[in-house]
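Biologist: Before we discuss this structure, I should like to see it, and then to ask on what grounds its elements are described as they are.

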Amino acid sequence: MPPRRIRAPARPVNIELDGRTIVADADASIASALVGAGELLLARSPKFHRPRGPSCMRGGCDGCLMRVDGVPNVMTCQCTPREGAVVEQQNVTLSAKVDLLRATDWFFSKGMNHHEMFAGIPGAQHVMLAFARRISGLGELPDAASPPRPEGVPTIETDVLVVGGGAAGLATAVALRGRGARVVLCDDRHALGGALLAFPRGARVAAADAQGAARGGSVGDVEVDALLARSLEEVERAGVDVRLEATVIGVLEGDDWLFVHPRDGLVRVRARAHVVATGGHDPTPLFEGNDLPGVMSARAAGRLLRDGVLCGERIVVDGDGPHARAFALAARAEGAEVEVLERASVHSVSGLSRVRSVTVHDESGRATRRHCDALVFDGPVAPTFELAVQAGAATRHERFGYVVLADERGRVLPDPNPRDARPSPALFAIGEVAGAALDPTAFAARADALSAAVLEVVGVES
Amino acid sequence: MSGKILVCRCEDVTLHELEESIAKGHDDIESLKRYTGFGTGWCQGKWCLAACARVLAEKGGDAALPFTPRPPFHPVPLGDLAVIGDEPGACPPDEPGKPGDPLDH
């Protein structure tokens, strides 16, 4: 069964997908609305024209790139719909569901090594080049030139810039305000909450440490919605300067951090200290068909469910983590048949345009096959280190990704060979980006210590 | 269904290609990226880098450091970046970038 809506949109708006009207929620992403209307195949890959669907639902993959209102390559998981928005598939020949160029995928069965293909054969190279240019690429030029931007780059002066509005960033912003620092908090999405928003409604999350009890939470169990509501209220009351849909795009010369907002364009933030709370990217499972629509992270499946969309009726869950556990519970409560794999690993998923079955190997290597609509995976996330490293952070390679190194108070250890001319002078990191498992209670305790350390640098009187 | 295992979705790089490239001697993260093109697409490594680094480390390659993450974090319209050129102290548009200018990598 294709995905379906389990809850009508709270604030319905009509959008159009290739001529068909779909009711979307003004407060949820366009991608959620499309998946909720049963559409998992949203995009095509640039070389092989493989079918693609959303796998992360938070701007970290190519699975939901579409043309929206004549603008190509819009990450539909990252933006909310306006009434009458026109959404179209891109990179397709014939139709989205029957893309003729899919033949490329079968022709190059193992991959396409462009270094050696037809190299050195006069003529063939040019033919190949022309062919490659024709079939590959992402989207076509916009319908119209983009509207003129404001001249110059406005600058926001503040004490501390916090990047990332998840559990770690929210706790840090509130703690810093409590000590009297001016705080700008940027998040690239339309709502605060980060990975907390990747839990279905009603989910509970473990608080591992005993300090949770001391701070008013019950040990072992935190209600995500209550926590979110409390955090947002604290942020509001504390007077944090929150910038939503503000993607911090890079760090220039250490202390110029730039963000782009869809309406305001490019904005510079000059802060005396920077806190990176950027969280983690989904883990990437490696099995045959791992890019098929219907293969998605537990966080993506959880985001969809929070938006009122169930990704399938028969769902296989691979890997462990709070999001997988919460998703499995919530999906079962909605009537889905959910199998959580134990002592077995996914060998492959099959299906022409979306997941139809998954082949699983047990410990002895015996293969069995299950029919299903979705494969949901979970595991340790890969720290979102990009901005921290641009700002001069040292990292350590772990199996799951590159951890930003910080001391016990959250101050980032400098890269011995910084890649930029001048690293940020006062750089801090907290949460999943620093290799910690998602634990809002532990993050709150750490945010307190971190904010004290930041204040020593910034020197604001409390 | 073809049996491809994708290590990089945005550039359609397969595990087979990645392993072949490592075997050819592209056994550090920067060379491997340059040879296969992983991490050079839409997501700039958000989806693929950790997986490719893990495979590289398992094959005995050097995955100690990530490849250099460049701005912008998410793709943005060029028009949003064009204003940088109007800034005092920024590179004049008709001059090549100075070495070390972070926008000129």
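**Strands, helices and the contact between chains**

Modeller: The model is predicted. In chain A, five strands make up an open sheet with mixed pairing, in the order β3-β2-β8-β6-β7.

Biologist: What makes β3 and β7 of chain A the edge strands?

Modeller: Strands β3 (20-25) and β7 (71-75) of chain A each pair on one side only, and they are the edge strands. Ignoring direction, neighbouring strands of this sheet are turned against each other by 40° on average.

Biologist: How do you know that β6(A) and β8(A) count as a pair?

Modeller: Pairing requires at least two bridges. Strand β6 (residues 65-68) and strand β8 (residues 86-88) of chain A run antiparallel and are joined by two bridges, so the requirement is met. Within β8(A), A:V87 is the bridge partner of A:V68.

Biologist: What joins β6(A) to β7(A), and in which sense do they pair?

Modeller: Three bridges link β6(A) and β7(A), in the antiparallel sense; at least two are needed for a pair. In β7(A), A:V68 has A:V71 as its bridge partner. The two strands form a hairpin with two residues between them, and A:D69 in the turn has a positive phi of about 50°.

Biologist: Why are α7(A) and α8(A) called oblique to each other?

Modeller: Helix α7 (residues 298-306) and helix α8 (residues 322-333) of chain A pack at an angle of about 40°, their axes being 9 Å apart. Angles under 35 degrees count as roughly parallel, and 65 to 115 as roughly perpendicular. The angle falls in neither range, and α7(A) and α8(A) are therefore oblique. Their crossing is left-handed.

Biologist: Which residues of α7(A) and α8(A) meet?

Modeller: From α7(A), A:A298, A:R299, A:A301, A:G302 and A:L305 meet A:H323, A:A324, A:A326, A:F327, A:A330 and A:A331 of α8(A). By class, this contact has eight nonpolar residues, two polar and one charged.

Biologist: How do α4(A) and α6(A) cross, and at what angle?

Modeller: The axes of helix α4 (residues 167-178) and helix α6 (residues 224-238) of chain A come within 9 Å and cross at roughly 30°. Angles under 35 degrees count as roughly parallel, so these two helices are roughly parallel. The crossing of α4(A) past α6(A) is left-handed. On the α4(A) side, A:L170, A:A173, A:V174, A:R177 and A:G178 meet A:S231, A:E234, A:V235 and A:A238 of α6(A). Five nonpolar, two polar and two charged residues form this contact.

Biologist: Which residues of α2 in chain B are buried, and what does the word "buried" require?

Modeller: A residue is buried if 20 or more other C-beta atoms lie within 10 Å of its own. In helix α2 (residues 29-36) of chain B, B:I29, B:L32, B:K33, B:Y35 and B:T36 are buried, so each of these reaches that count. They pack against β2, α1 and α3 of chain B. After α2(B) comes B:G37, with a positive phi near 85°.

Biologist: How many residues does each chain give to the contact between A and B?

Modeller: Chain B gives 48 residues and chain A gives 59 residues. On the side of chain B that touches chain A, at least two residues come from each of β1 (6-8), β2 (13-14), α1 (15-23), α3 (49-58) and α4 (78-82) of chain B. The largest share, five residues, comes from α3(B). That side of chain B has 30 nonpolar, nine polar and nine charged residues.

Conventions
Residues are numbered from 1 along each chain as its sequence is written. Chains are lettered from A and ligands numbered from 1 in the order in which they are written. This is a predicted model: local features need pLDDT of at least 70, side-chain atom pairs count only at pLDDT 80 or more; totals for chains, interfaces and linings use all residues. Two residues are in contact if their C-beta atoms, placed from the backbone, lie within 7 Å. Helices (H or I, at least four residues) and strands (E, at least two) are DSSP runs, numbered from the N terminus. Ala, Val, Leu, Ile, Met, Phe, Trp, Tyr, Cys and Pro count as nonpolar, Asp, Glu, Lys and Arg as charged, and the others, Gly among them, as polar. A residue is buried if 20 or more other C-beta atoms lie within 10 Å of its own, exposed if 12 or fewer, and partly exposed in between; C-beta atoms are placed from the backbone. Axes are lines fitted to C-alpha atoms, for helices over the stretch in contact, and angles run from 0 to 180 degrees between N-to-C directions. A crossing is left-handed if the near helix is turned anticlockwise from the far one by less than a right angle, and right-handed if clockwise. Angles under 35 degrees count as roughly parallel, over 145 as roughly antiparallel, 65 to 115 as roughly perpendicular and the rest as oblique.
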